Amino acid sequence: MNIGWIDNGAWVQYKPQNFTGKTHIAIRVSSPGHGAVIHVHIDALDGPKIATLTVPHTGGWQTWTTVSAAIRGITGKHKVFFKFSGNPGHAICNVEWFQLQPIVAAPKPQPKPGQPVVVFKPGCTVQGPKDETMFAEAVEAARQAAMVVM
């Protein structure tokens, strides 16, 4: 979600996000000028303001930095709204993405008992000619596996 050439007074709405367990909001921004301010609201454009973040002068439209602010006491899913303010009459900033933090990885699925697990570990290599029989057996094992990690 990359939003460019944002003007003073502009706003954007994002789909509902799960705030449970989140303590910060981080926004990746750029601004070649004097920067901007992003007011973060939930539930409605004029809903509760949960954060205000200042976008610094980054030196260019594609010179990115990440700004963040603490958020507290918010649980459940809420629509997210950004309102932008800055120098009237000029584009004030770009937004590349935002994240609610901390990021919690989804639990890894566990294989069913007796099912093979194929695991690729970065840095491993196989050298030599391809053994068609062994390759076919590995493909079949992967097809039947509850989980294949690559």
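This section describes the backbone geometry, strand pairing and charged contacts of a predicted model.

Strands β4 and β5 form an antiparallel pair. Strand β4 covers residues 36–42 and strand β5 covers residues 49–55, and 6 bridges join the two. Within this pairing, I38 has L53 of β5 as its bridge partner. The strands make up a hairpin with 6 residues between them. D43 lies in the loop that connects β4 to β5, and its phi is positive, at about 75°, although the residue is not a glycine. The positive phi of D43 thus belongs to the hairpin of β4 and β5. With a relative accessible area of 41%, D43 is classed as partly exposed, because the partly exposed class lies between the limits of 20% and 50%.

A positive phi also occurs at W5, likewise a residue other than glycine, where the angle is near 50°. In contrast to the loop position of D43, W5 is placed within a strand, namely β1, which comprises residues 3–7. The relative accessibility of W5 is 58%. W5 therefore counts as exposed, since the exposed class begins over 50%.

A further backbone feature is found at the peptide bond between Q101 and P102, which is cis, with omega at about 5°. P102 is located in the loop between β8 and β9. Strand β8 spans residues 91–101 and strand β9 spans residues 117–119; Q101, the partner of P102 in the cis bond, is accordingly the residue at which the range of β8 ends.

Charged contacts were examined next. Side chains of opposite charge can pair when their charged atoms come close. A search of the whole structure returned 1 salt bridge. In this contact E96 pairs with R28, and the closest N and O atoms are 3.8 Å apart. That separation satisfies the criterion because a salt bridge requires such atoms to lie within 4 Å. The pair connects distant parts of the chain, with the two positions 68 residues apart in numbering: E96 belongs to strand β8, and R28 to strand β3, which covers residues 24–30. As for solvent accessibility, E96 has a relative value of 27% and counts as partly exposed. R28, with a relative accessible area of 24%, is also partly exposed. Neither partner is classed as buried, because that class is restricted to values under 20%, whereas the values here are 27% for E96 and 24% for R28.

Key. Residues are numbered from 1 along each chain as its sequence is written. This is a predicted model: local features need pLDDT of at least 70, side-chain atom pairs count only at pLDDT 80 or more; totals for chains, interfaces and linings use all residues. Side-chain values use heavy atoms; hydrogens and water are left out. Helices (H or I, at least four residues) and strands (E, at least two) are DSSP runs, numbered from the N terminus. Buried means under 20% relative accessible area, exposed over 50%, partly exposed in between (1.4 Å probe, protein chains only). A salt bridge is a side-chain nitrogen of Lys or Arg within 4 Å of a carboxyl oxygen of Asp or Glu. Two strands pair if DSSP finds at least two bridges between them.
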